[in-house]
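Subject: A structure for you to explore

Hi there,

Here is the structure I promised to pass on to you. Have a look around first, and then read my notes underneath.

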Amino acid sequence: MKNETAFQRCANPACGATYGIREVLTACQRCGALVDIAYDWERTPLPWKLSDFERKWATRNNPLHFSGVWRFKELLNFAPDNQVVTIGEGQTLLRGEPDVAAYTGVKSIRLQYEGLNPSGSFKDNGMTAGFTHARMVGAKKVACASTGNTSASMAAYASASAEVNEGRKLEAVVFVGSGRIAMGKLSQALDYGARTIQIKGYFDDAMRRVTEVSQSLGIYLLNSVNPFRLEGQKAIMYRVLEALNWEVPDWIVVPGGNLGNSSAFGKAFKELHDLGLVSRLPRLAVINAAGANTLYRLYNTEKLRWNGGHYDRAKVEAFYAQMDAEHRDANTLASAIEINRPVNLSKCLRALEWLNGVVGEATDQEILDAKAIVGRGGIGCEPTSAASVAGVKRLVADGTIGRDERVVCVITGHQLKAAQTTVQYHSLTGSKLRKELGEFGVGSNPYANKPIQVPNELPAILKALES
Ligand code: F0G
């Protein structure tokens, strides 16, 4: 390990076991905790300042410089250049949104629109890094459990990266729950050719099974327990900084499901700060759906904290046991984050400690209303992504986020992923709306843009256009 610039290290500071970069691990073999990728920064040719990364814009015909992840390779330097698997991820935007600012009550809010990625969600940031490691270790089959976006992304990379794998596609196996999965996402996994297994149950059931199956069959696992995924997702924060001229915002706000993003963002900023490349840290707000609020309860009600690594594991186990005993299953329209047991819980707690974070929640009504406001800005998002905006509105109302603070919300997935819910919100009224969405507590659509029904007659059409 001594000769490697990058290595793997147990995230539990009391253990700290280290492993070589080419080992395939989803947990520490000594203590069972999650693992991180760590770097010998002394041996990494780092930029003198962050703006040096901008020079790579001039050489965008190099795929590593074109990628919005590998452009920052010095900060995730675990792979030889010729092993990198990229399909052009990370061409994303940071946009100001006046409607969203007015809605949430903050003067300056920007949306980091990750829906622009090749498979339409932020997952591609992590998948490029995960596939790069899979290639380094010669994996032939890859698998994941998913609420939809991870599987869409993994399926896309498995097929699209054939050109760097001597024309051979990696075999992709996707496990999804039998319940809610947005059609747009399922259609992607099917279209891109992944073998798709629908398991009766929730994401958590699919997650447990894919872990067992990948262990017993030696399939490379690409869920966010894979530490390389999170290295790629750090780049979302590098691009936010780049778009802000390398100024650190006051808040980063992100929806929380399996808690991979929040974990990655914490690591990104901690490393930049430790390296002296940023002089201050933003605060982090992770927003759960109220119908899938394990983190919210553990953090705010149970007061669970990372506590330098000594977090109360017994408390988490007791919480899960009670959740099972009460059959308190996740239930939310934000299906991407309909998760009971977030796999990156411990790393997220660590990120919350590093970034002086808070955990919020938003109801499905709040999420759909916020989503309609995001849509008005012309970029649009899937319901889950709007949890960040709905969360900001609440956090401003209760005084946690100041109106003058600079807020960045991560918009994690594209609007077209879950078109059905959008159309229902905009077009249904009264009892019809309650019939379709009432199960999630959605009873009104104050920001709806209703389609207007007219007969196929010119005068009627002209009349409809009058007002
Ligand atoms: N937003 C979207 C659009 C997602 O698809 C997910 C997670 C999240 C937010 C939550 O991110 O897990 O990093 O906290 N989707 C996973 C999936 C679980 O299987 O596609 P997280």
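Which residues do ring pairs link into a cluster with Phe53? They are Phe72 and Tyr238. Before you go further, please keep in mind that this is a predicted model.

Aromatic rings are a nice place to start, as the structure holds 9 aromatic pairs. One of them joins Tyr39 and Trp41, with 4.9 Å from centre to centre and 45 degrees between the planes, and this pair is tilted. Are these two partners buried or exposed? Tyr39 counts as buried because its relative accessibility is 7%, under the 20% cut-off. Trp41, at 21%, counts as partly exposed.

Another pair brings together Trp70 and Phe78. Here the centres are 5.9 Å apart and the planes make an angle of 65 degrees, so the pair is edge-to-face, a label that applies over 60 degrees. Both partners are buried: Trp70 has a relative accessible area of 1%, and Phe78 has a relative accessibility of 4%.

Next, find helix H10, which runs over residues 313-325. Its 13 residues reach 18 Å from the first C-alpha to the last, close to the 18 Å expected at 1.5 Å a residue. Which residues of H10 are buried? They are Val316, Phe319, Tyr320 and Met323. These four sit on the same side of H10, because they cover an arc of only 95 degrees around the axis. It helps to remember that an α-helix has 3.6 residues a turn, so residues three or four places apart point the same way.

What covers that buried side? The cover includes helix H9 (294-301) and helix H11 (345-354). On the face of H10 turned away from the buried side you will find the exposed residues Ala314, Glu317 and Ala325.

Two of the buried residues in H10, Phe319 and Tyr320, also have an arginine over their rings. Arg328 lies over the face of Phe319, 5.2 Å from the ring centre. Over the ring of Tyr320 sits the charged end of Arg341, at 4.7 Å from the centre.

One last thing to look for is just after H10, where His327 takes a positive phi of about 50 degrees.

Enjoy exploring!

Best wishes

Note on methods:
Residues numbered from 1 in each chain as written. Predicted model: local features only at pLDDT ≥ 70, side-chain atom pairs only at ≥ 80, totals over all residues. Heavy atoms only, no water. Phe/Tyr/Trp six-rings, centres within 6.5 Å; stacked < 30°, edge-to-face > 60°. Buried < 20%, exposed > 50% of the residue type's maximum accessible area, 1.4 Å probe, protein only. Lys NZ or Arg CZ within 6 Å of the ring centre and 35° of its normal. Expected span 1.5 Å × (residues − 1). Arc of directions from axis to C-beta. Contact = heavy atoms within 4.5 Å.
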